[in-house]
Amino acid sequence: TPFDDPSGNRLRDWLGVDRESFYDPSKFAVLPMGFCYPGTGSGGDLPPRSECARAWRQTLLDRLPDIELTLVIGAFAQRWHLPADSSGSITEIVRNWRDYWPGVLPMPHPSPRNARWLARNPFFEREVIPELQARVRQILGGG
């Protein structure tokens with residue numbers, strides 16, 4: 001089950017949804033950059049294998065025609081989903097989130113390992129998260 005860990009708890013908090021809603025396939029689709037688990041390294045999970053996304057990602061996205069919001073979580077997803085001129089650090093890309101809004105939101109990974117990033121970048125939880133929660137409520141029909 002994806003995001004069935006502290007990262008998922010934080011992500012659901014950011015979205016303002018409960019577990020039941022998050023795992024309801026009529027409301028959310030969770031698509032990793034690779035369906036093959038890359039294993040672990042010294043700093044956590046290894047990066048997704050690039051051939052996985054090339055092999056299946058666009059085909060699968062094409063089968064989901066009614067996507068209203070794509071959360072682009074982490075550097076690998078950002079490189080895939082954002083325009084080529086969206087270079088820079090995760091901080092720079094996330095800081096410019098309005099450039100992609102309201103259909104796409106570049107985000108840091110919700111991992112507890114990113115607590116330092118969140119502490120150094122309070123704008124994310126202060127400015128971005130309220131907008132994200134309002135957008136999710138709008139999409140799900142709650143105002």
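Phe-3 counts as buried because its relative accessibility is 19%, and buried means under 20%. In this predicted model, Phe-3 belongs to the segment before α1 (6-15), and its phi is near 60°, a positive value in a residue other than glycine. A second backbone feature is found at Pro-102, which sits in the loop between α5 (90-95) and β4 (104-107); the peptide bond that leads from Trp-101 to Pro-102 is cis, with omega near 10°. Both kinds of feature can be set against a general background, since most residues other than glycine have a negative phi, and most peptide bonds are trans.

The protein chain as a whole contains seven helices and four strands, and these elements follow one another along the sequence in the pattern α-α-β-β-α-β-α-α-β-α-α. Its radius of gyration is 15 Å, which agrees with the value near 15 Å that a compact globule of 143 residues would have. Along the principal axes, the C-alpha atoms fill a box of roughly 40 × 35 × 35 Å.

Two percentages describe the packing and the contacts of the chain, and a third describes its surface.

| Property of the protein chain | Value |
|---|---|
| Buried residues among the 143 residues | 33% |
| Contacts between residues 24 or more positions apart, among contacts with a separation of 6 or more | 56% |
| Accessible surface belonging to carbon and sulfur atoms | 49% |

The accessible surface to which the last percentage refers comes to about 8800 Å². As for charge, the protein chain carries 17 positive and 17 negative side chains, and the centres of these two sets lie 5 Å apart.

Notes: Residues are numbered from 1 along each chain as its sequence is written. This is a predicted model: local features need pLDDT of at least 70, side-chain atom pairs count only at pLDDT 80 or more; totals for chains, interfaces and linings use all residues. Side-chain values use heavy atoms; hydrogens and water are left out. Helices (H or I, at least four residues) and strands (E, at least two) are DSSP runs, numbered from the N terminus. Buried means under 20% relative accessible area, exposed over 50%, partly exposed in between (1.4 Å probe, protein chains only). The radius of gyration is taken over C-alpha atoms; the globule rule is 2.2 Å times the number of residues to the power 0.38. Contact means heavy atoms within 4.5 Å. Accessible areas come from the Shrake-Rupley method with a 1.4 Å probe; for residues, only the protein chains shown count as cover. Lys and Arg count as positive and Asp and Glu as negative; His and the chain ends are not counted. The place of a charge is taken as NZ of Lys, CZ of Arg, CG of Asp or CD of Glu.
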